[in-house]
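Q: Please take a close look at one part of this model, namely a helix and the packing around it, and then continue to the aromatic residues. A connected account in formal terms would be appreciated.

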Amino acid sequence: MKKILVVDDEEKIRAIIRKYGEFEGYQIVEARDGMEAVRICREQDFDVIILDVMMPELDGFSTCKEIKKTKNIPVIMLSARGEEYDKIHGFELGIDDYVVKPFSPKELMMRVKVVIDRNSVKDKQKLAEHEIFQAEGLCVDFTGRTVSVDGKRVELSPKEYDLLFYMVRNRNIALERERLITEVWGYDYYGDDRTLDTHIKLLRSSLGEYRKFLVTLRGVGYRFEA
């Protein structure tokens with residue numbers, strides 16, 4: 001169930017948003033002012049915040065700025081003022097939408113849905129962009145450039161990372177020695193090709209029982225088999 005924080009010093013406004021929000025299947029939490037909203041956001045997470053601009057003690061802009069310091073929660077601002085300056089100021093603070101009072105509760109719920117759906121897509125895209133390979137207890141995080149064995153971080157040299165990442169990306173493919181040296185060390189590498197064997201040996205040592213994934217192909221090269 002999606003969770004919405006409604007922040008408004010007018011009880012009637014909060015009540016009508018709660019009524020329509022719960023009808024749409026949302027869980028509604030209320031805050032009577034900005035200070036209370038900031039406190040609640042420190043303790044809970046929300047899918048969207050509906051935030052009034054004109055409030056005592058801490059106005060909506062200041063509340064939004066304070067919450068954004070620690071939480072990246074989408075914000076829809078409510079205001080009786082529809083001046084361009086206020087809207088621009090709100091969007092500069094990172095709000096997702098700006099609704100002028102008086103408003104249609106149905107339209108507000110539609111805007112809430114659009115904001116939640118849009119941010120869900122962004123979250124999925126971020127997840128997709130974070131490339132991770134996992135086989136049994138071996139976890140290779142390409143994006144974070146880390147390797148873990150049974151939940152424990154393994155420290156590798158830069159070339160060991162490059163070699164393992166290349167082999168994992170080309171897993172289950174026979175990789176000739178020349179190809180590995182060219183792709184990992186570069187076309188201008190003229191060193192001893194035993195350097196490759198040394199790095200494979202070091203990788204096997206670091207991977208523990210998962211050294212089994214690094215298969216030697218006699219007379220050919222190596223294959224990451226998982």
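A: The account below begins with helix packing, continues with a buried threonine, and ends with the aromatic pairs. The model is a predicted one.

Helix α6 covers residues 158-169, and helix α7 covers residues 177-185. Their axes come within 10 Å and cross at roughly 125°. An angle over 145 degrees would count as roughly antiparallel, and 65 to 115 as roughly perpendicular; α6 and α7 are therefore oblique to each other. The crossing of these two helices is right-handed. On the α6 side, the contact is made by Lys-159, Asp-162, Leu-163, Tyr-166 and Met-167. On the α7 side, Arg-179, Leu-180, Glu-183, Val-184 and Trp-185 take part. By class, the residues of the contact of α6 with α7 comprise six nonpolar and four charged, with no polar residue.

Helix α6 also packs against α8, with the two axes coming within 10 Å and crossing at roughly 85°. Because angles of 65 to 115 degrees fall in the perpendicular class, α6 and α8 are roughly perpendicular to each other. Here α6 contributes Lys-159, Glu-160, Leu-163, Leu-164 and Met-167. These residues meet Leu-196, His-199, Ile-200, Leu-202, Leu-203, Ser-206 and Leu-207 in α8. The contact of α6 with α8 has eight nonpolar, two polar and two charged residues. Lys-159, Leu-163 and Met-167 of α6 thus appear in the contact with α7 and in the contact with α8.

The next position to consider is a threonine. Thr-146 is found in strand β8, which comprises residues 146-149. The relative accessibility of Thr-146 is 15%, so this residue counts as buried. Leaving aside residues up to four places away in sequence, Thr-146 touches Cys-139, Val-140, Asp-141, Arg-153, Tyr-161 and Phe-165. From Thr-146 to Ile-132 the separation is 14 residues in sequence and 9.6 Å in space, C-alpha to C-alpha.

The aromatic residues complete the account. The structure holds five aromatic pairs. One of them joins Phe-133 and Phe-224 in an edge-to-face arrangement, at 5.9 Å centre to centre and with 75° between the planes. This pair links distant parts of the chain, as Phe-133 lies in strand β6 (residues 132-135) and Phe-224 in strand β12 (residues 221-224), 91 residues apart. Phe-133 has a relative accessible area of 10% and is buried. Phe-224 also counts as buried, at 0% relative accessibility. Phe-224 has a further ring partner in Phe-213: the centres are 5.6 Å apart and the planes stand at 50°, so the pair is tilted. This second pair again links distant parts of the chain, with Phe-213 in the loop between α8 (194-207) and β11 (214-217) and Phe-224 in strand β12, 11 residues apart. Phe-213 counts as buried, at 6% relative accessibility. Ring pairs link Phe-133, Tyr-210, Phe-213 and Phe-224 into a cluster.

How values were computed: Residues are numbered from 1 along each chain as its sequence is written. This is a predicted model: local features need pLDDT of at least 70, side-chain atom pairs count only at pLDDT 80 or more; totals for chains, interfaces and linings use all residues. Side-chain values use heavy atoms; hydrogens and water are left out. Axes are lines fitted to C-alpha atoms, for helices over the stretch in contact, and angles run from 0 to 180 degrees between N-to-C directions. Helices (H or I, at least four residues) and strands (E, at least two) are DSSP runs, numbered from the N terminus. Angles under 35 degrees count as roughly parallel, over 145 as roughly antiparallel, 65 to 115 as roughly perpendicular and the rest as oblique. A crossing is left-handed if the near helix is turned anticlockwise from the far one by less than a right angle, and right-handed if clockwise. Contact means heavy atoms within 4.5 Å. Ala, Val, Leu, Ile, Met, Phe, Trp, Tyr, Cys and Pro count as nonpolar, Asp, Glu, Lys and Arg as charged, and the others, Gly among them, as polar. Rings of Phe, Tyr and Trp (its six-membered ring) pair if their centres lie within 6.5 Å; planes under 30 degrees apart count as stacked, over 60 as edge-to-face and the rest as tilted. Buried means under 20% relative accessible area, exposed over 50%, partly exposed in between (1.4 Å probe, protein chains only).
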